[in-house]
There are 2 protein chains.
Amino acid sequence: MRYSHQREIISEIVHSTNSHPTADWVYGEVRRYIPNISLGTVYRNLKQLTDEGIIRTIYDGAVARYDWNRSPHDHLKCNVCGEMIDVQLPNDGLRRTVKDEYDFEVSDVEITLVGKCNKHA
Amino acid sequence: MRYSHQREIISEIVHSTNSHPTADWVYGEVRRYIPNISLGTVYRNLKQLTDEGIIRTIYDGAVARYDWNRSPHDHLKCNVCGEMIDVQLPNDGLRRTVKDEYDFEVSDVEITLVGKCNKHA
DNA sequence: GAAATAAATAGTAATAATTCCTATTATTAA
DNA sequence: TTAATAATAGGAATTATTACTATTTATTTC
């Protein structure tokens, strides 16, 4: 993968936020720096960055979101404010359970807890 | 919600499989019984059945899948054969952890373990 | 049981998110 | 510096899904 200015900016933008942005939001931000960038370029680069392991793609219902946080982690999704919060939850138990009970070889764990975050006591 | 033949058949089809079918697959099946049913009718009814709690909608990446199994459960997704297997995993620990550590009020737990199922030793 | 009411349908157009295509531009290797 | 080719912009195409509308059908009322 050779250098491109567009990819550099896209990567920086994803790394600049904890908001798990959508492709469309990233597109809007990149245009502040590269006004005539095309949406296809944004998608292509988000995919390439994902393939290279530089960012992660997560799915929130039907839309893709992008996450700079590559370390294994889970998400809390607040139904009230829509925010998605990174958390690290223990999953050794889950892995062991499915290995023992279903003979299933786990390569990836995806946990999302939906509910109400602490901003809405 | 008043009776309709179309909804009846759609519901039966979703209940007849463990394959977590997509709307498109359901559409193909329903047409064996109602050849001129429209895709919009399938989507509308799948949504209504979901709203009524008769079936569940789950997301597999970007596509919606439908599941007759309403009891709380999780999924094992096999990367080799693509199958999605229903399992019941304990999640009391997870709930307690986020309650205690993040003051997050959980209403729903979504767990998908990705890997290799026991058909591919 | 027939007419009135309104929900549901078929068929099709529209939308949203994403991918694909192609002529042109830019990066890198020699 | 040039040759090779990856990446781009711009737009068309695709896929999944929702919206619209005239017509049909299930239910309600008399």
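This talk covers how two protein chains relate to each other, how one helix packs between them, and what lies around DNA strand D. Keep in mind that this is a predicted model.

I start with the two chains. Chain A can be superposed on chain B by a rotation of 179° with 0.1 Å of shift along the axis, and the RMSD is 0.1 Å. The two copies are therefore related as by a two-fold rotation axis. Both copies use the same surface, since 100% of the contact residues of chain A recur in chain B.

Next, helix α4 of chain B, residues 92-102. Which of its residues are buried? They are B:L94, B:T97 and B:V98. Around the helix axis these residues cover an arc of only 90°, so they sit on the same side of α4(B). What do they pack against? From chain A there are three elements: β3 (74-78), α4 (92-102) and β5 (105-116). From chain B itself there is β5 (105-116). On the face of α4(B) turned away from the buried side, the exposed residues are B:D92, B:R96 and B:D100. After the helix comes B:D103, with a positive phi near 55°.

Now the DNA. There are 19 residues around DNA strand D, and the nearest are A:R2, A:S4, A:T41, A:R44 and B:Y43. So the list of nearest residues has members from chain A and from chain B.

Which elements supply at least two residues each to the surface near strand D? In chain A they are α1 (5-15) and α3 (39-51). In chain B they are α3 (39-51) and β2 (63-67). The element that gives the most is α3(A), with four residues. Sorted by class, this surface has seven nonpolar, seven polar and five charged residues.

Which part of the DNA does the protein approach, sugar and phosphate or bases? Of the atoms of strand D within 4 Å of the protein, 72% belong to sugar or phosphate, and the rest belong to bases.

Three polar contacts from chain A can be looked up in the model. For A:Q6, a polar side-chain atom is 2.9 Å from a sugar or linking oxygen of strand D. For A:N36, a backbone N or O atom lies 2.9 Å from a phosphate oxygen of strand D. For A:S38, a polar backbone atom is 3.3 Å from a phosphate oxygen of that strand.

Note on methods: Residues are numbered from 1 along each chain as its sequence is written. Chains are lettered from A and ligands numbered from 1 in the order in which they are written. This is a predicted model: local features need pLDDT of at least 70, side-chain atom pairs count only at pLDDT 80 or more; totals for chains, interfaces and linings use all residues. Side-chain values use heavy atoms; hydrogens and water are left out. Buried means under 20% relative accessible area, exposed over 50%, partly exposed in between (1.4 Å probe, protein chains only). The arc is that of the directions from the helix axis to the C-beta atoms. Contact means heavy atoms within 4.5 Å. A residue is near a molecule or strand if one of its heavy atoms lies within 4 Å of it. A polar contact is a pair of N or O atoms within 3.5 Å; within protein, one must be able to donate a hydrogen and the other to accept it, and residues adjacent in sequence count only if both atoms are side-chain atoms. Ala, Val, Leu, Ile, Met, Phe, Trp, Tyr, Cys and Pro count as nonpolar, Asp, Glu, Lys and Arg as charged, and the others, Gly among them, as polar. Copies are superposed by least squares on the C-alpha atoms of residues with pLDDT of at least 70 in both.
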